[in-house]
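Trainee: I am new to this entry and should like to learn how to read it. May we go through it one feature at a time?

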Amino acid sequence: MIAAHYRLHAGAIGYSAGKYSHFCALYPRQLFVSKSQMENICAALEPLFPCREGAIKTLGELIGDSREDYPSALYLFGHSGTGKTALTRTFLRECSRQQGVRIAQLNAIECYTTKIMLENMLDTLAPRQCTEESVRADNMLEFVEQLRRWHDQGGRSQSFLIAVDNAERLRDMDANVLPVLLRLQQLTSLNLCVILLSQIPFEKFYNKTGLTEVISIHLAQYNKAETQRILGSDFFQVRGHLLEQFSKDVQRLAICEAALTEDFYSNYLNLFLSVFYKACRDVPELQLTARKCFSIYLEPVLDGTVESTDVSRLWRHIAGPLRSALTQIYMRTEKPPEEQEGSAPIEDQSVRKLAQSLELPYYAKYLLIAAFLASHNSANQDKRLFVKHHGKQRKRMQTVNARAKTTEKMSTTLGPKSFTIDRLLAIFYAILEEKVGLTCNLLSQISTLVHLKLLSFVSGEQNIMDGSARLQCTVGLEFVLYIGKVVGFNVRQYLCDFM
Amino acid sequence: SRLAEGTPRRSIQLSNIVEQRVFKDNEIISTPKRGRKTKSIEDADADYSPRSVQKTPTRTRRISATAKSTVTPIRGTAATSASAAPITPSQKLKKIRAGELSPSMQQRSGKPVDESRKSQLQLAREQLHVSVVPKSLPCREKEFENIYSFLEGKIQDQCGGCMYVSGVPGTGKTATVTGVIRTLQRLVSQDKLADFDFLEINGMRLTEPRQAYVQIYKQLTGKTVSWEHAHTLLEKRFTTPAPRRVTTVLLVDELDILCNRRQDVVYNLLDWPTKSAARLVVVTIANTMDLPERLLMGKVTSRLGLTRLTFQPYTHKQLQEIVTARLGGSEAFKGEAVQLVARKVAAVSGDARRALDICRRATEIADTARDKCVTMLHVQQALGEMIASAKVQAIKNCSRLEQIFLQAVAAEVTRTGVEESTFMGVYTQVETIAAFMGVSLPPPGRALRLCAKLGAERLIISEHSRNDLFQKILLNVSADDIHYALRVGEIAAAN
């Protein structure tokens, strides 16, 4: 049944059904039909994860029943926010609660050495009788031996499930980790299944020596209708929250109670998704923003200016805030969107804010401008730009053509080029009207700028003093323009691109 | 801090089994220990009753932690400590380091098969086994004479010296040298020659060059000590003159493994013979002829001296002679069968082991065919198995898409002219070939899987699939092999 089902659902990467049936034959166990175990788990999970019935059913049929043999490895993949981790965690917890399966869940990011991963796994997997002493496993061999020992003690009554989150990190660990995990069932002869979770497909995992087969299950991203259903599933929670908020204000409470229907909420979500769905399909992100914007949406209704059924007027009210919230997505700033509203576009504002918040000394500002000019002007233009009496230059057709730059050639779009500290200081002295001494304060400000990551070393970090180190300016044009405005220096005038 | 990095200060090899070469007639080459003569060896064997494999304490930690009861208490020298008090692992370790417990192996419960019940082919197969070294090696008489005269001269003159023996693998270097030593030991037992000690180390059996000191000292006294200690003790032994010092013959096999960057071990081993007090004769064996000039430092090369001997690869006549000598009077082999083996092997390497292995395989084939005698056909089949490449078969047994993929790699190599192609270019070729053949195209993800499978089978050489479209692919089989495998297959399918 499982093999047949697998062909239907997880046919993306072939899994030899013959091998699996061979495995079943190796371990003849009482395979009486017990749909109840698997169905119990599926029934427990389906209310929690709407629109994931297919994946839950597949998982249930593969590892739902601990009395049946598990497949040796599962690979669950999908985008971020598709519920891989949550689904697996709940599934394993249900398995553990209902069937007494020993489970282990770990994140491969936390395991920067193999030993940590193995010992974490052993600690959580250890059967009840030997939980008191913590187990040691220095390498894969000891890990497998330890598991085999449990097999000898407990017989095959115990089943194990191991879930490894962020499985793409396994490729960077020791070369034997992934191959061993994929065939851990065969090596330990336990009823054990390793579930790997990742955002990339399994075709990125093949190493030079080959891997054993794995069943991969894809968690597809939700479409618009599904997203709306998931966002709408917390209606009662939102309503309860709002009613509690207005419990003092009797008038608002009454309006709120009358207006807050499921239809109203789904209308709102429809409007919300019509703006947001193009930019983002990440459900947690959408949930967060939808809650934030709902209070603004509700505002005219509570004030009594707009009827709760008048969708078009509500849309006119909410369209502005939604658009401005769209520019704030993925930023996770805890500020209501109405504060962000202003005449200037948001991106501009954020750069200005950053420049304002960064308080640099006067010379450091000039150094930064000089670094920007050094990065974005070619060195052979320096004489013309910065030397006062650089002689006459005859205008020739050739130079005019060469200078007629298209936007692709503009160095502000191409990215910064590297420069030496000597050139930085030369430009600094050229653009600074007064003559300051080359003191250690000045030089230390360069290194401070490097520490603040406004400049960065491209090469020669070891030999800074002999002048062969090359730097790069890492701030954008707007930032430098703003700093120039503060100190009263026109940066555009000195940029080749704008001549 | 003086030590090179990675040198464990105290790495005492416990699992090193005392080297005892047992030849056909149970003749044992071993160091005649001062004081206790050959009797002591027999003693050790007698009172050491092999009980269980776990006496070699290679995995003591785990065993002692969990299954303590399974460790049989060892009565070291069984008769003396009959109190049956179980000794702790550290006591056991101490005894092993002192050489009081000799490592033994578990013995079989059944008895080995009687000689008389073996068939002629079976006897021939046993005679042809590589480990059965004959008493006198055929075709190596001149080399034997050379080494014999050198060693006999050195022992009689009671001075030290060095010799360097080289030759490609399987040309009888070690067998000849140990044969000379055996002859000399026989002379000693007949009182026709002055007594000498024989020590033997092999570079490949050491985890690092400095362990050579430990092994040499262990063969002199039977004790296992750290290499620093062993080095000082050996230094003391070889530099201070002592009356009634006998000559020591040291055989150093795989000399090139003992060469590290500092070459201190090789230098010491070759410097001790120059001391007048040492009376050390070092015979070094290696594969490359120009090793002293290529790898060793000037002072080491000059100490190695110019007494050299090169073992040439066997010609087909010599190989024929060797195999015929092995078979003795047996009728198990046809004459031309032996000649075929000899000619085929001599043309490739001149390795006697290879010839013997092929002959053994031929006897097995003849056995399964229920023939009494090995004929040309059996030898041909054995040669096919042991020399012919399996790549064409592997390509023929690939799946359809894998074959298309291999064709595509070959096509991409012909198109660009460069050996190394990227996955992207190969996939374009796969598209073309699949469209041409009218089969449906695998998506790139599946093609990566095909690529990984072929890479794991080493039909191609590919990178990790994480940089999918840009991974480099090399063809590990020749393009002609692919065409041959697939074209011949097509014809067979058409018929």
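Mentor: Let us begin with the term on which the first feature rests: two strands pair if DSSP finds at least two bridges between them. Please keep in mind that this is a predicted model.

Trainee: In which sense do strand S3 and strand S4 of chain A pair, and over how many bridges?

Mentor: Strand S3 (residues 159-165) and strand S4 (residues 191-198) of chain A are parallel partners, joined over six bridges. Within this pairing, Phe160(A) faces Leu192(A) of S4(A).

Trainee: What is the order of the strands in the open sheet of chain A?

Mentor: Five strands make up this open sheet, in the order S2-S3-S4-S1-S5 (chain A), and their pairing is parallel. Strand S2 (102-107) and strand S5 (215-219) of chain A each have a single partner strand, so one side of each has no neighbour in the sheet. From one strand to the next, the twist averages 15°.

Trainee: Which strands of chain A does helix H4 touch, and which does helix H5 lie across?

Mentor: Helix H4 (residues 53-63) of chain A packs on the sheet and touches strand S1 (73-78), S3, S4 and S5 of chain A. The direction of H4 makes about 160° with that of S5(A). Helix H5 (residues 84-99) of chain A lies across S1, S2, S3, S4 and S5 of chain A, and runs at about 160° to S2(A).

Trainee: How is chain A divided into domains?

Mentor: The division of chain A gives domain 1 (2-218), domain 2 (224-336) and domain 3 (353-498). Taken over C-alpha atoms, the centres of domain 2 and domain 3 of chain A are separated by 48 Å.

Trainee: What should I read from the interface of chain A and chain B?

Mentor: One may take the contacts, then the area, then the polar pairs. In chain A, 18 residues are in contact with 18 residues of chain B. The two chains bury about 1600 Å² between them, with 39% of it on carbon and sulfur atoms. Three salt bridges are counted between chain A and chain B. In a salt bridge between these chains, the side chains of Lys204(A) and Asp468(B) meet at 2.8 Å, N to O. Seven residue pairs are in polar contact across the interface, both residues being at pLDDT 80 or more.

Trainee: Why is one side of strand S8 and of strand S9 of chain B left without a neighbour in the sheet?

Mentor: The open sheet has three strands in the order S8-S10-S9 (chain B), with antiparallel pairing. Strand S8 (421-422) and strand S9 (460-462) of chain B stand at its edges with a single partner strand each, and therefore one side of each lacks a neighbour in the sheet. S9(B) and strand S10 (residues 472-475) of chain B pair over three bridges in the antiparallel sense. Ile460(B) has Leu475(B) as its bridge partner in S10(B).

Definitions and conventions. Residues numbered from 1 in each chain as written. Chains lettered and ligands numbered in written order. Predicted model: local features only at pLDDT ≥ 70, side-chain atom pairs only at ≥ 80, totals over all residues. Heavy atoms only, no water. Helix = DSSP H or I, 4+ residues; strand = E, 2+ residues; numbered from the N terminus. Axes fitted to C-alpha atoms, helices over the stretch in contact; angles between N-to-C directions. Contact = heavy atoms within 4.5 Å. Domains from an automatic or database assignment. Buried area = accessible area lost by both parts, 1.4 Å probe. Salt bridge = Lys/Arg side-chain N within 4 Å of Asp/Glu carboxyl O. Polar contact = N/O pair within 3.5 Å; in protein donor to acceptor, adjacent residues only side chain to side chain.
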